[in-house]
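Work through the exercises below with the sequence and the model side by side. Try each task before reading its solution.

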Amino acid sequence: MKFDFSKAYDLKELEKYYNKGEENLKKVLNKDSEGSDFLGWVELPKAYPEEELKKIKHAAEEIRKKSDYLVVIGIGGSYLGTKAVENSLKDYFEDDEEFKLIYAGNHLSSTYLNELVKFLKDKEYCINVISKSGTTTEPAIAFRILKRELEEKYGKDAKNRIYVTTDREKGALKKLSIQEGYETFVVPDDIGGRFSVISPVGLLPLAAKGVDIDKLLEGFRKGQELFTIVDAKENKAIQYALIRHLLYGQGKDIEILVNYEPSLTYISAWWKQLFGESEGKDGKAIFPASVDFTTDLHSMGQLIQEGKRNIFETVIEVKNPKEDIEIPFDEQNLDGLNYIAGKTLDYVNKKATEGTRTAHVKGEVPNISIVIDKIDEENLAMLLYFFEISVSISGYLLEVNPFNQPGVEEYKKQMFKLLGKPGVN
């Protein structure tokens, strides 16, 4: 990974704040501040239990043998990390996929769930339901409905097609799993949902899809090596967190995550939860937004270039694309493109990236650049770990607990009240 912070902040000036960044990283590593009970992900890459990894791989193999689809039921951190990695790695047009992940329980659309039920009628499938409590509304409803359909289709064998990722000891799903004999995996007590892709929450469905989870874990290990160094000169995660905090102090309270590769769209969705849920407390936060360029330059470009000057950009760039294609010469040249004939499309994309950065910086939009070598398991995992460490430092810089989400409960309370849930006033 390579980083360029020079178009976002004066790097000499940044050095004045290095001690502050290092102090807050120490809070993460020493686990001695608010939210320290949820820092199990920090050291897990280098200490992942071998037996659990074997169990995940064996279950993934069994799922692939008996089905063509795995329905992943979960919401928020219970599916976004999985979706981000899967979407980044798969081909854009996989009509002949041998095995597919389908997602459910991440919204309350009746149309989606009804169409899914109809779609699965003549398909061979398994279910992986992911919920620590087992009572979160969206996945609980989806599981209740899809469990009924699975049991009607497979009878007694249905229990062998349900895989549960839940609390180690308690909760509705744990109780049901014991009663029915479902194979279970543990949502670690010390890892919050938005950090959980490194746990069975993400690894089981990704392994079933065919993702090389050994390489994914290797990427997380490299991330741990790079971004837990308590030396701000060497640690780009510290620098990124500091720059964000300092820009926030200058009134830049919206961060736009930019990519130039559509497969990274769900990385942005995962990132928005990570930063929004971690920082949005006590009337504070940098609002996390995202765009897909160059597509959104034709819809959001005007606002970014000349709108209110309270935004900055973090751009994810890919050095080596999986595929490239040359632009042909055309005799008539009616489209006027012969001046780039013989160039590759990736070359044009990179020039668009460079030109957009120059324009936006001139328009007073600070620009942070993060370059990954290519889109593969190792690079994606390093990127995810980078953001996880960064948001931890950033939350402590804001003086909030970056590992809880108390505000999420309020909408549930109001919804339950309207639905007439017993005991809710």
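**Exercise 1.** In which sense do strand β9 and strand β10 pair, and over how many bridges?

Before the solution, some ground rules. The model is predicted, so local features need pLDDT of at least 70 and side-chain atom pairs count only at pLDDT 80 or more, while totals for chains, interfaces and linings use all residues. Residues are numbered from 1 along each chain as its sequence is written, and side-chain values use heavy atoms, with hydrogens and water left out.

*Solution.* Step 1: find β9 at residues 311-318 and β10 at residues 367-372. Strands (E, at least two residues) and helices (H or I, at least four) are DSSP runs, numbered from the N terminus. Step 2: read the pairing, which is parallel over six bridges. Two strands pair if DSSP finds at least two bridges between them. Step 3: check one bridge; V318 has I372 of β10 as its partner.

**Exercise 2.** Place these strands in their sheet and find its edge strands.

*Solution.* Step 1: the sheet is open, has five strands in the order β1-β10-β9-β7-β8, and its pairing is mixed. Step 2: β1 (2-4) and β8 (287-292) each pair on one side only, which marks them as the edge strands. Step 3: neighbouring strands of this sheet are turned against each other by 20 degrees on average, direction ignored. Step 4: add helix α11 (residues 265-279), which packs on the sheet and touches β7 (254-259), β8 and β9. Contact means heavy atoms within 4.5 Å. The direction of α11 makes about 175 degrees with that of β8. Axes are lines fitted to C-alpha atoms, for helices over the stretch in contact, and angles run from 0 to 180 degrees between N-to-C directions.

**Exercise 3.** Describe the other five-stranded sheet, with the order β3-β2-β4-β5-β6.

*Solution.* Step 1: this sheet is open and its pairing is parallel. Step 2: its edge strands are β3 (100-104) and β6 (183-186). Step 3: strand β4 (residues 125-130) and strand β5 (residues 162-166) are joined by four bridges, and N128 has Y163 in β5 as its bridge partner. Step 4: helix α3 packs on the sheet, touching β2 (69-73), β4, β5 and β6. Step 5: helix α8 lies across β2, β3, β4, β5 and β6, at about 150 degrees to β5.

**Exercise 4.** At what angle do the axes of α3 and α8 cross, and which residues meet?

*Solution.* Step 1: the axes of α3 (residues 50-66) and α8 (residues 200-209) come within 8 Å and cross at roughly 40 degrees. Step 2: α3 and α8 are therefore oblique to each other. Angles under 35 degrees count as roughly parallel, over 145 as roughly antiparallel, 65 to 115 as roughly perpendicular and the rest as oblique. Step 3: the meeting residues include L53, I56 and R64 in α3, and L203, L204 and K209 in α8.

**Exercise 5.** How are the rings of F3 and F227 arranged?

*Solution.* Step 1: the structure holds 20 aromatic pairs. Rings of Phe, Tyr and Trp (its six-membered ring) pair if their centres lie within 6.5 Å; planes under 30 degrees apart count as stacked, over 60 as edge-to-face and the rest as tilted. Step 2: the centres of F3 and F227 are 6.3 Å apart and the planes stand at 90 degrees, so this pair is edge-to-face. Step 3: F3 lies in strand β1 and F227 in helix α9 (residues 213-227), so the pair ties together parts 224 residues apart in sequence.
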